[in-house]
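Q: Hi! Could you walk me through this structure before I head back to the bench?
A: Happy to, let's bring it up.

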Amino acid sequence: MVPKFKKIAVICRRNNRNSMDTLDYLMEYLKKQKIQVFIERETASFLAKNTVATVDANQLNKVCDLIAVVGGDGSFLSAARLAAKQNLPIVGINRGSLGFLTDITPRCIDKVGEIIRGIFYEEKRLVLKTTIANNNKKTTQNLAINDVVFLSHSTGHLIEFFVHLNGQFLCKYRANGLIVATPTGSTAHALSGGGPILYPTLENIVLVPMLSHNLSSRPIVIDGKSTIEITFIKSNATELLTICDGQLKSTLQEGKIRIRAEKRLRLLHPKEYNYFDILRTKLHWEKENKNPSAVC
């Protein structure tokens, strides 16, 4: 069978023995499949010896047609932002503790082989683009696969901010912060804050207030095509801290933040992938409640 993917970039963000062992095994496996393998430059720096071509993280789509990432969900999110930005499909091999997004285990590397041959299930998931503009007209842009979290730069301080949706006023919040999450991120910080679980391929965004001073403030699910604008005013006693995927941080004393889903992540799973199995397993739902239609 002619492989669907012929050039694969391998990324690993965790420099520990388990991740490195799986990384070495994956690369050997791909070579045996007659696949041209590239290793991302930062990943290559972890290796004692590297015999394959390296590629810069921002140039992956110029030489590769698939990204394989080894690590936990944090490593996956870092690689997924690169994938979304460069319109590359991505597959994850789990070496973390949770594995919501990296659903291939090291024991099942052959599932990567199936994906290479075109046997897979593809999801296109929303990605949030965040543009931060302060009063000095300086702008910062970041992508978020899971969520954008706004909170006080000084721990414990309430902050006030205005939220508009598509130019219409939604609410003035007085709270510890706000979580803006994709369906992918609805099982992360948003879930801990009392938000709903959204099926990952839905075209929706959820807003979850964090410890709001008004007890009637509740999470709200909006159309994924919406433009969200958050206005933070200087009268607050602290700066606003903006965090994308728990990894990219920016501070703002006064200004506006615009959030919009402008890209999609092409996430590949093994053919037998079942999202509800992931939820039951990772969230420990009803351990004794087995699928009545299951044969074994």
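**The cores and the overall fold**

A: Keep in mind that this is a predicted model. Its largest nonpolar core has 29 residues, and those with the most contacts inside it are I11, L60, I67, F76, I90, I145 and L265.
Q: Which helices and strands each supply at least two residues of this core?
A: They are β1 (7–12), β4 (66–71), α3 (73–85), β17 (255–269) and α6 (275–282).
Q: And which one gives the most to this core?
A: That would be α3, with seven residues.
Q: What does L60 touch, leaving out residues up to four places away in sequence?
A: L60 touches A9, I11, V55, I67, L82, Q86 and L88.
Q: What other core lies apart from it?
A: There is another core of 28 residues, which includes I39, A44, V112 and I116.
Q: Zooming out, how many helices and strands are there?
A: The protein has six helices and 17 strands.
Q: Why call it as compact as a globular protein of that length?
A: Because its radius of gyration is 21 Å, close to the 19 Å that the globule rule gives for 296 residues. The C-alpha trace spans about 60 × 50 × 35 Å along its principal axes.
Q: How much of the protein is buried?
A: Buried residues are 49% of the 296.
Q: New topic: what about the accessible surface?
A: It comes to about 14800 Å², and 48% of that belongs to carbon and sulfur atoms.
Q: And the charges, how far apart are their mean positions?
A: The mean positions of the 40 positive and 26 negative charges are 4 Å apart.

Terms used:
Residues numbered from 1 in each chain as written. Predicted model: local features only at pLDDT ≥ 70, side-chain atom pairs only at ≥ 80, totals over all residues. Heavy atoms only, no water. Helix = DSSP H or I, 4+ residues; strand = E, 2+ residues; numbered from the N terminus. Rg over C-alpha atoms; globule rule 2.2 N^0.38 Å. Buried < 20%, exposed > 50% of the residue type's maximum accessible area, 1.4 Å probe, protein only. Areas by Shrake-Rupley, 256 points an atom, 1.4 Å probe, with all protein chains shown as cover. Lys, Arg positive; Asp, Glu negative; His and termini not counted. Charge placed at Lys NZ, Arg CZ, Asp CG, Glu CD. Core = buried A, V, L, I, M, F, W, Y, C linked by side-chain atoms within 4.5 Å. Contact = heavy atoms within 4.5 Å.
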